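Q: Please take a close look at the surroundings of the ligand in this model. I would like a connected account that I can follow residue by residue.

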Amino acid sequence: MKKIIGTFAAGAMLLALAGCAPAADTGSGDAAAAGPKAESDLVVGFAQVGAESGWRTANTKDIQSAFEEAGIELKFSDAQQKQENQIKAIRSYIQQQVDVIAFSPVVETGWDAVLNEAKDAGIPVVLTDRAVDSADDSLYVTFLGSDFVLEGEKAGDWVVEEYKDQTEPVEIIQLEGTTGAAPAIDRAEGFAEVIASDPKFEVVASQTGDFTRAGGKQVTEALLKSNPGVDLIYAHNDDMGLGAIEAIEAAGLVPGKDIKIVTVDAVKDGMTALADGKINFIVECSPLLGKQLIEVVKQINNGEATEKRIVTEETTFTQEQAIEALPTRAY
Ligand code: AHR
């Protein structure tokens, strides 16, 4: 289910675990000095982004049930999409001296100070779902999640193929995720790279809908007025695409026909809209990261090497594929 790329997380980590380097190198030296804990004694602090989308709800549920199944204590906090709340939660986990801190950073930048505090306290940090933009990759043990640039490229590939016979300009509205968040930056980048192959593709407007259904609806309502000739909406997640459907219908147009829609995620509501022909194509982004996170926590506890980057393997869905997949879709 998963493809592993990248380099080993650090000879430095192994050296630290072997007592050959200071604990601060990886934040895992204390565990090494004391030896592995019984798994039932481990405590992990998880700082979640929020509950902004169906994807996020599925991700939270998957993480909570993986910890319950593994019998490892999970301290969970919801940052309501605010970086300052996530920083507060991480500081509180440092104070409580948890064994591992995991978090999905709401935005890419601004983490070095708090991650250095975790490092100084000897607490290893695992990034799940989203990356941080830091020059110092010793601040975290591993980053476990999707390749968002690739997701944007897959969306772009479908668009290029769908309009291959059209010579007229193709007007595109982009509904961006949270400003500064890794999936918003990377999905825009991957998509832009692919559609740049043909000048007929024009992104006529691009605005954030903050990964929420309400945001997607509100932005689409406004942008449809200023861009009446739009052919396609590229939404960085299903929820914003679902909000766009509501706005398109309210404007008396038919989503999936008058205006085509491509989204990312493939949660049940998105897949249902795809099966109904209201969305035209979905790039999958899997929220099921719980089991992989448990594996990483166990590796850290046992002093084993961890891959620095663990990439989730994902697919794409057409209408026919959505109809086939829906009955067994887990989220
Ligand atoms: O980071 C993953 C993204 O965050 C999902 O695509 C989106 O639905 C969520 O809010």
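A: What follows describes the shell around the ligand, its polar contacts and its place between the domains. The model is predicted, and in it the ligand is surrounded by Glu52, Ser53, Trp55, Arg56, Asp129, Arg130, Phe148, Pro183, Arg187, Phe211, Asn237 and Asp265. By character, this shell divides into six charged residues, four nonpolar and two polar. Among the charged residues, Glu52 has an N or O atom in its side chain at 2.5 Å from an oxygen atom of the ligand, while for Arg130 the corresponding distance, again from a side-chain N or O atom to an oxygen atom of the ligand, is 2.8 Å. Asn237 also takes part, with a polar side-chain atom that lies 2.9 Å from an oxygen atom of the ligand. The ligand on its own has 280 Å² of accessible area, and the protein covers 100% of it. The space that the ligand takes is the largest cavity, and the elements that give two or more residues to the shell are α3 (54-70) and α7 (182-195). As for the domains, the ligand lies between domain 1 (38-144 + 287-313) and domain 2 (148-285), because both of them give residues to the shell around it.

Terms used:
Residues are numbered from 1 along each chain as its sequence is written. This is a predicted model: local features need pLDDT of at least 70, side-chain atom pairs count only at pLDDT 80 or more; totals for chains, interfaces and linings use all residues. Side-chain values use heavy atoms; hydrogens and water are left out. A residue is near a molecule or strand if one of its heavy atoms lies within 4 Å of it. A polar contact is a pair of N or O atoms within 3.5 Å; within protein, one must be able to donate a hydrogen and the other to accept it, and residues adjacent in sequence count only if both atoms are side-chain atoms. Accessible areas come from the Shrake-Rupley method with a 1.4 Å probe; for residues, only the protein chains shown count as cover. On a 1 Å grid over the protein atoms alone, a cavity is a set of points where a 1.4 Å probe fits but cannot get out, and a pocket is an open set with protein on both sides within 12 Å along at least five of seven lines; lining residues have an atom within 4 Å of a point. A molecule sits in a cavity or pocket if more than half of its atoms lie within 2 Å of its grid points. Helices (H or I, at least four residues) and strands (E, at least two) are DSSP runs, numbered from the N terminus. Ala, Val, Leu, Ile, Met, Phe, Trp, Tyr, Cys and Pro count as nonpolar, Asp, Glu, Lys and Arg as charged, and the others, Gly among them, as polar. Domain bounds come from an automatic or database domain assignment.
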